[in-house]
Amino acid sequence: MLTCQIFGHDFRFAAEGTTMRWWCARECGAAGSKEYSTASEARRYARVFDKKDTDDLGRRAPLVGLFPLRMIRAMQKRAGRTRAGR
């Protein structure tokens, strides 16, 4: 698939028993699996690998480029704390 060739694969991860499986969400056919010794270990790795970079945008933002996003996030966090404190 051309999109995967240009931007790279969009892998998703899931655990099935002691096996962690991955596949490209763009349905290009790229996939694989790995066997772990325990099911909890497979679930743990699948959960960690299945995170997207955009999930925590604003917390790991570059200091200067996304400074406004950091400020908005900090103000929202502070407003949530003050409402909960009342």
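## Arg43 and helix α2

In this predicted model, R43 counts as partly exposed because its relative accessibility is 47%, a value that falls between the limit of under 20% for buried residues and the limit of over 50% for exposed ones. The residue belongs to helix α2, which covers residues 39–49. Although R43 and F13 stand 30 residues apart along the chain, their C-alpha atoms are separated by 9.3 Å, and this pair is a useful one to locate in the structure when relating positions in the sequence to positions in space.

## The overall plan of the chain

The protein contains three helices and three strands, and a reader who follows the sequence from its beginning meets them in the pattern α-β-β-β-α-α. Of the 86 residues in the protein, 14% are buried. The protein exposes about 6,900 Å², and carbon and sulfur atoms supply 55% of that area.

Contacts can also be sorted by how far apart the partners lie in the sequence. Among the contacts in the protein with a separation of 6 or more, 23% are made by residues 24 or more positions apart.

## Where strands β2 and β3 meet: Thr19 and Glu35

T19 is found in strand β2, whereas E35 is placed in strand β3, which runs over residues 31–35. Which residues does E35 touch, if those up to four places away in sequence are not counted? They are T18 and T19, and the side chains take part in both cases, since E35 and T18 are joined by a polar contact of 2.2 Å between their side chains, while the side chains of E35 and T19 make a polar contact of 2.7 Å. The C-alpha atoms of E35 and M20, which are 15 residues apart along the chain, are separated by 6.4 Å.

Is T19 buried or exposed? T19 counts as buried because its relative accessibility is 10%, which is under the 20% limit. Once its neighbours within four places in sequence are left aside, T19 is in contact with A14, S33, K34, E35 and A42.

## The nonpolar core and Ala42

The largest nonpolar core has five residues in all, namely F13, M20, Y36, A42 and A46. A42, one of these core residues, is in contact with A15, G17, T18, T19, M20 and Y36 when neighbours within four places in sequence are left aside. Two of the partners in that list, M20 and Y36, are themselves members of the core.

## A loop residue: Glu27

E27 is placed in the loop between β2, residues 19–24, and β3. The phi angle of E27 is near 60°, which is a positive value in a residue other than glycine. E27 counts as exposed because its relative accessible area is 72%, which is over the 50% limit.

## A nonpolar patch and Met75

Not every nonpolar side chain belongs to the core, and the surface offers an example: F67, M71, I72 and M75 make a nonpolar surface patch of about 390 Å². M75 lies in helix α3, which covers residues 67–85. With 53% relative accessibility, M75 counts as exposed, so that this methionine stands just on the exposed side of the limit, which is set at over 50%.

Key: Residues numbered from 1 in each chain as written. Predicted model: local features only at pLDDT ≥ 70, side-chain atom pairs only at ≥ 80, totals over all residues. Heavy atoms only, no water. Patch = residues over 30% accessible without salt bridge, like charges linked within 9 Å, V, L, I, M, F, W, Y side chains within 5 Å. Areas by Shrake-Rupley, 256 points an atom, 1.4 Å probe, with all protein chains shown as cover. Salt bridge = Lys/Arg side-chain N within 4 Å of Asp/Glu carboxyl O. Helix = DSSP H or I, 4+ residues; strand = E, 2+ residues; numbered from the N terminus. Buried < 20%, exposed > 50% of the residue type's maximum accessible area, 1.4 Å probe, protein only. Contact = heavy atoms within 4.5 Å. Polar contact = N/O pair within 3.5 Å; in protein donor to acceptor, adjacent residues only side chain to side chain. Core = buried A, V, L, I, M, F, W, Y, C linked by side-chain atoms within 4.5 Å.
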